[in-house]
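Notebook open, coffee poured. I want to go through this one piece by piece and jot down what I look up.

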Amino acid sequence: MKLKITAGPFIFDAVLETARAPKTCEAFIKQMPFDGKIVHVRWSGEGVWIPLGDHDFGVGYENHTSHPAPGHIILYPGGISETEILLAYGGVDFSSKMGQLAGNHFITITSNLEQLAEIGRLTLWEGAQSIRFEAVS
């Protein structure tokens, strides 16, 4: 399934990783269109995240990683830290004040990768930005 992601003033094409993270993708599809706010990560490096508190997507770990590549989006389903969605725009070592974390890689951005660093810079220096995930037919 293809997605359109609007993050601040930037638009990205993306795909759901349904073969690698089927349960996470299925849970996320039920929530779309998905709107949130991204803020810059605190400990993890070059990424932005959507803090989701105790939101429960009803999934465990699948296709999980602590080192998403630029353009990879992961869902941390909660546990020792709050539920969150993280978009890597550069080097990321996913962690929190509780220590190392792993999230489910379930979306990959496929266009405008050169703008990823810009959304990171914008979020770091200008503050929270809106983000929206929509299905594309």
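Ground rule before I look at burial: buried means under 20% relative accessible area, exposed over 50%, and partly exposed in between (1.4 Å probe, protein chains only). Helices (H or I, at least four residues) and strands (E, at least two) are DSSP runs, numbered from the N terminus.

Housekeeping: this is a predicted model, where local features need pLDDT of at least 70 and side-chain atom pairs count only at pLDDT 80 or more, while totals for chains, interfaces and linings use all residues. Residues are numbered from 1 along each chain as its sequence is written, and side-chain values use heavy atoms, with hydrogens and water left out.

**Entry: helix α2**

I started with α2 (116-126). Which residues of α2 are buried? I get Leu-116, Ile-119, Gly-120, Leu-122 and Thr-123. Looking down the axis of α2, I find these buried residues within an arc of 165°, so they line one face of the helix. The arc is taken from the directions from the helix axis to the C-beta atoms. Trp-125 and Glu-126 are exposed on the other side of α2. Right after α2 comes Gly-127, with a positive phi near 100°.

**Entry: strand pairing**

I count two strands as paired if DSSP finds at least two bridges between them. β11 (residues 129-136) pairs with β1 (residues 2-7) in the antiparallel sense, over 6 bridges. In that pairing Lys-2 has Val-136 of β11 as its bridge partner. β11 also pairs with β3 (residues 34-40), again antiparallel, over 5 bridges. There I see Ile-38 opposite Gln-129.

**Entry: backbone oddities**

A reminder to myself: most residues other than glycine have a negative phi, and most peptide bonds are trans. I found a cis peptide bond from Met-32 to Pro-33, with omega near 0°. Pro-33 sits in the loop between α1 (22-29) and β3.

Asn-63 is not a glycine, yet its phi is positive at about 50°. I place Asn-63 in the loop between β4 (45-51) and β5 (64-65), and its relative accessible area of 29% makes it partly exposed. Asn-112 also has a positive phi, about 55°, without being a glycine. Asn-112 belongs to the loop between β10 (103-109) and α2, and is partly exposed at 30% relative accessibility.

**Entry: the nonpolar core**

For a nonpolar core I take buried Ala, Val, Leu, Ile, Met, Phe, Trp, Tyr and Cys residues joined through side-chain atoms within 4.5 Å. Which members of the largest core touch the most others? Ile-107 and Phe-133 do, out of 32 residues. Strand β2 (residues 10-16) gives the largest share of this core, 4 residues. Apart from it I noted another core of 9 residues, including Ile-74 and Leu-86.

I then listed contacts (heavy atoms within 4.5 Å). Leaving aside neighbours within four places in sequence, Ile-107 is in contact with residues including Leu-3, Ile-5, Phe-28, His-72 and Phe-133.

**Entry: aromatics**

My rule: rings of Phe, Tyr and Trp (its six-membered ring) pair if their centres lie within 6.5 Å, with planes under 30 degrees apart stacked, over 60 edge-to-face and the rest tilted. That rule yields 7 aromatic pairs. Phe-28 and Phe-106 have ring centres 5.1 Å apart and planes at 70°, so this pair is edge-to-face. Phe-28 is in helix α1 and Phe-106 in strand β10, so the pair ties together parts 78 residues apart in sequence. Phe-28 is buried at 1% relative accessible area, and Phe-106 is buried at 0%.

Phe-28 also pairs edge-to-face with Phe-133, at 5.3 Å centre to centre and 85° between the planes. With Phe-133 in strand β11, that pair joins parts 105 residues apart in sequence. One aromatic cluster takes in Phe-28, Phe-34, Phe-57, Phe-106 and Phe-133.

**Entry: salt bridges**

I call it a salt bridge when a side-chain nitrogen of Lys or Arg is within 4 Å of a carboxyl oxygen of Asp or Glu. How many does the structure hold? I count 5 salt bridges.

Asp-35 forms one with Arg-132, the closest N and O atoms being 2.6 Å apart. Asp-35 lies in β3 and Arg-132 in β11, so the pair ties together parts 97 residues apart in sequence. Asp-35, Arg-132 and Glu-134 are linked in a network of salt bridges.

Back in α2, Arg-121 and Glu-118 meet in a salt bridge at 3.3 Å, N to O. They are 3 residues apart in the helix, about one helical turn.
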